[in-house]
Amino acid sequence: MEKLRRVLEKYGDILSYLFFGVLTTVVNYLVYLPCYNYLNLSAAVSNVIAWAAAVAFAYLTNKPFVFKSHDWSAKTVVPEMTKFVGGRLFSGGLETAVIFITVDLLLWNGNVMKLITSVLVVIVNYVISKLLVFRK
């Protein structure tokens, strides 16, 4: 038990980020897959819609649970959310560009490419959130 406690103390931020990152990815996929596979929207358009849902979910969970930011006053939330959404715009733009090129132009499998790009996005988002948005 002591060993587990030390691991949680040392890697708690990363583990909680990964947990909520997985949930955010699930939200993203729950929106992307029906848009792409059933509504027959392009992969890029489906990705943008899914991105918006995932960003909203990620902010609401990352702020209190991952980065322990509990001040919900406008003076804190507005700059924090601006930086958060700005960072997510960067990673979402990167993801959408890769999806557009590989799926919409090169006709690669949209479901597979979405999975591959998700790994890149999780890493980029953690670095942006940790270093720029929820700094202590």
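The exercises below, each with a worked solution, concern a predicted model.

**Exercise 1. Classify the salt bridge between Glu80 and Lys63: which parts of the chain does the pair link, and are the two residues buried or exposed?**

Step 1. The side chains of Glu80 and Lys63 come together with an N to O distance of 2.6 Å. A salt bridge requires a nitrogen within 4 Å of a carboxyl oxygen, so this pair qualifies.

Step 2. Glu80 belongs to helix H3 (residues 74–105) and Lys63 to helix H2 (residues 43–66). The two are 17 residues apart, and the pair links distant parts of the chain.

Step 3. Glu80 and Lys63 are both buried.

**Exercise 2. Do the same for Lys114 and Glu95: what is the N to O value, and which helices hold the residues?**

Step 1. The salt bridge between Lys114 and Glu95 has an N to O value of 3.1 Å.

Step 2. Lys114 is in helix H4 (residues 110–133), while Glu95 is in helix H3. This pair, 19 residues apart, also links distant parts of the chain.

Step 3. Lys114 and Glu95 are each buried.

**Exercise 3. Assign Lys75 and Asp71 to the right accessibility class.**

Step 1. These residues form a salt bridge whose closest N and O atoms are 3.9 Å apart.

Step 2. Lys75 has a relative accessibility of 67%; exposed means over 50%, so Lys75 is exposed.

Step 3. Asp71 has 31%, which falls between the cut-offs of 20% and 50%, so Asp71 is partly exposed.

Step 4. For the wider picture, the model has five salt bridges by the rule used. Glu2, Arg5 and Glu9 are linked in a network of such bridges.

**Exercise 4. Describe the nonpolar surface patch that includes Leu4.**

Step 1. The members are Met1, Leu4, Val7, Leu8, Tyr11, Ile14, Leu15 and Leu18. Together they have about 780 Å² of accessible area.

Step 2. Leu4 sits in helix H1 (residues 2–37).

Step 3. The relative accessible area of Leu4 is 48%, so this residue counts as partly exposed.

**Exercise 5. Examine phi at Asn40 and Lys68: where does each residue lie?**

Step 1. Most residues other than glycine have a negative phi.

Step 2. Asn40, not a glycine, has a positive phi near 55 degrees. Asn40 is placed in the loop between H1 and H2, and with 63% relative accessibility it is exposed.

Step 3. Lys68, also not a glycine, has a positive phi of about 55 degrees. Lys68 is found in the loop between H2 and H3, and at 48% relative accessibility Lys68 is partly exposed.

Note on methods
Residues numbered from 1 in each chain as written. Predicted model: local features only at pLDDT ≥ 70, side-chain atom pairs only at ≥ 80, totals over all residues. Heavy atoms only, no water. Patch = residues over 30% accessible without salt bridge, like charges linked within 9 Å, V, L, I, M, F, W, Y side chains within 5 Å. Areas by Shrake-Rupley, 256 points an atom, 1.4 Å probe, with all protein chains shown as cover. Helix = DSSP H or I, 4+ residues; strand = E, 2+ residues; numbered from the N terminus. Buried < 20%, exposed > 50% of the residue type's maximum accessible area, 1.4 Å probe, protein only.
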